[in-house]
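Please work through the exercises below with the sequence and the model side by side. Each task is followed by a solution that goes step by step.

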Amino acid sequence: MSEENARAEMVRKQIIERQVHDSRVLEVISRIPRELFVPEPLRSRAYEDHPQPIGHNQTISQPYMVACMTELLQLAGDEKTLEIGTGSGYQTAVLAELCKRVISLERIPELAEEANQRLLDMGYCNVRVIVCDGSGGYPQESPYDRIIVTAASPHIPSLLLDQLSNGGRMVIPVGEETVQMLMCVEKNESGEITTHDYGQCVFVPLVGKYAWGALRNKEGDSETKKD
Ligand code: SAM
C-alpha cells in the first residue's frame with residue numbers, strides 16, 4: 001500500500017471511527033507524512049495503530065492520541081501554543097499547521113536537534129524547539145493560549161497553570177507511571193480553572209523537577225537526581 005493510502009486508511013479507521021471529527025485536524029493529519037518522523041527501519045510501520053520507538057527510550061505517539069489531544073485543544077489558528085515533549089516533532093508539525101506559533105520543549109538534546117532539523121527541512125517557520133526540563137513550562141514566552149503535555153505527569157503542574165492565558169486550554173495526561181487519565185484543563189476569562197477527563201491513556205513519564213523527577217528525588221532515586 002502507498003504511504004498516501006496508508007495515511008488515508010489510518011485517518012478513517014483509527015481516527016474518524018473513534019469519533020475525532022474536527023475537520024481541520026483531520027485535514028492536517030491526512031497531509032503530514034508521518035513516515036518522515038519515525039526512524040528509517042520503521043518507516044513501513046509509521047501508520048500502525050500504536051506508538052513507535054524513536055530512540056532514547058521515547059516514542060512517537062499513537063496517531064489517534066495525537067488527533068484526540070489536538071482536537072481537545074480547539075485551535076482556531078491564531079494561538080501561541082506551548083508543547084512539552086517534542087519527541088519526533090510529529091505532534092509539533094500538526095500544531096504548527098493549526099496555530100500561529102509553537103514553542104516546543106524537549107529534555108533530550110539529540111531528539112530536540114533531530115526534530116528541529118526535520119521541522120526546518122519541512123518548511124515550518126513558526127516553531128521554536130528548546131532543550132530544557134519543560135515540567136515547569138517556559139515562563140519567558142508566557143502566557144500561552146494553549147498548552148499540550150505529551151508525557152505523563154503525576155499531577156497538573158501549577159507552574160503550567162500560571163503560564164496559561166485566561167480563556168486558555170491545556171491537555172495533559174495525569175496519573176500513575178503505568179496509566180493516566182487524559183485531562184483537559186480550562187482557564188476562564190476570570191482565571192478560574194475547571195478540569196474534564198477524557199479516558200485512560202499511557203504515556204512515557206514527564207521527567208523533571210516539577211514532575212516525576214521531583215517525586216523520585218524525594219524517594220532517593222539517584223538516577224533522576226541529575227534532573
Ligand atoms: N508528541 C511526540 C511525537 O509526536 O513524537 C511524542 C512525545 S514522547 C511520547 C514524550 C517526550 O517528552 C519525549 O521525547 C521525552 O523526552 C519528553 N519529555 C519527558 N519529560 C520531559 C520534560 N520534563 N521536559 C521536556 N520534555 C520531556
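**Exercise 1.** In which loop is Pro143 found? Describe the peptide bond before Pro143, and then follow the contacts of Ser165.

Solution. Before starting, keep in mind that this is a predicted model. Pro143 is found in the loop between E5 and strand E6, which covers residues 144–149. The next step is the peptide bond that runs from Ser142 to Pro143, and this bond is cis, with omega near 5°. As a general background, most peptide bonds are trans. Turn now to Ser165, which lies in strand E7, residues 164–175. Leaving aside neighbours within four places in sequence, Ser165 is in contact with Pro143, Tyr144, Asp145 and Lys187. With Asp145 there is also a polar contact, in which the two side chains are joined at 3.5 Å. Because buried means under 20% relative accessible area, Ser165, with a value of 12%, is buried.

**Exercise 2.** Find out which residues are closest to the ligand, and which elements give two or more residues to the shell around the ligand.

Solution. Begin with the count: the ligand is surrounded by 26 residues, and the closest are Ser88, Glu106, Asp133, Gly134 and Val207. Sorted by class, this shell has 11 nonpolar, 12 polar and 3 charged residues. Next, look at individual atoms: an N or O atom in the side chain of Ser88 is 2.6 Å from an oxygen atom of the ligand, while a polar backbone atom of Gln91 is 3.2 Å from an oxygen atom of the ligand. A nitrogen atom of the ligand lies 2.8 Å from a backbone N or O atom of Val207. The ligand taken alone exposes 600 Å², of which the protein buries 99%. The elements that give two or more residues to the shell are strand E2 (58–60), helix H4 (90–98) and strand E4 (101–106). Of these, E2 gives the most, with 3 residues.

**Exercise 3.** Decide how many residues of H4 are buried, and how many residues of H3 are buried.

Solution. For H4, 8 of the 9 residues are buried, and the helix is mostly covered. The buried residues are Tyr90, Gln91, Thr92, Ala93, Val94, Leu95, Ala96 and Leu98. For H3, residues 63–73, the count is 10 of 11, so this helix is largely enclosed by the rest of the structure. Among the buried residues of H3 are Pro63, Tyr64, Met65 and Val66. Just after H3 comes Gln74, whose phi is positive, near 50°.

**Exercise 4.** Work out how E1 and E2 pair, and how E8 and E9 run.

Solution. Strand E1, residues 52–55, pairs with E2 in the antiparallel sense over 3 bridges. As one example, Thr59 in E2 is the bridge partner of Pro53. The two strands form a hairpin with 2 residues between them, and in the turn His56 has a positive phi of about 60°. Asn57 lies in the loop between E1 and E2, and this residue has a positive phi of about 60° although it is not a glycine. With a relative accessible area of 76%, Asn57 is exposed. Strands E8 (residues 180–187) and E9 (residues 193–201) also run antiparallel, and they are joined by 7 bridges. Here Gln200 in E9 is the bridge partner of Met181. E8 and E9 form a hairpin with 5 residues between them, and Gly191 in the turn has a positive phi of about 90°.

**Exercise 5.** Locate Asn126 and list which residues Asn126 is in contact with.

Solution. Asn126 has its place in the loop between helix H5 (109–121) and strand E5 (127–131). Leaving aside neighbours within four places in sequence, Asn126 is in contact with Ala96, Cys99, Lys100, Arg101 and Val102. The side chain of Asn126 reaches the backbone oxygen of Ala96 at 2.9 Å and the backbone oxygen of Lys100 at 3.2 Å. As a last step, compare positions along the chain: Asn126 and Glu97 are 29 residues apart, and their C-alpha atoms are separated by 9.0 Å.

How values were computed:
Residues are numbered from 1 along each chain as its sequence is written. This is a predicted model: local features need pLDDT of at least 70, side-chain atom pairs count only at pLDDT 80 or more; totals for chains, interfaces and linings use all residues. Side-chain values use heavy atoms; hydrogens and water are left out. A residue is near a molecule or strand if one of its heavy atoms lies within 4 Å of it. A polar contact is a pair of N or O atoms within 3.5 Å; within protein, one must be able to donate a hydrogen and the other to accept it, and residues adjacent in sequence count only if both atoms are side-chain atoms. Accessible areas come from the Shrake-Rupley method with a 1.4 Å probe; for residues, only the protein chains shown count as cover. Helices (H or I, at least four residues) and strands (E, at least two) are DSSP runs, numbered from the N terminus. Ala, Val, Leu, Ile, Met, Phe, Trp, Tyr, Cys and Pro count as nonpolar, Asp, Glu, Lys and Arg as charged, and the others, Gly among them, as polar. Buried means under 20% relative accessible area, exposed over 50%, partly exposed in between (1.4 Å probe, protein chains only). Two strands pair if DSSP finds at least two bridges between them. Contact means heavy atoms within 4.5 Å.
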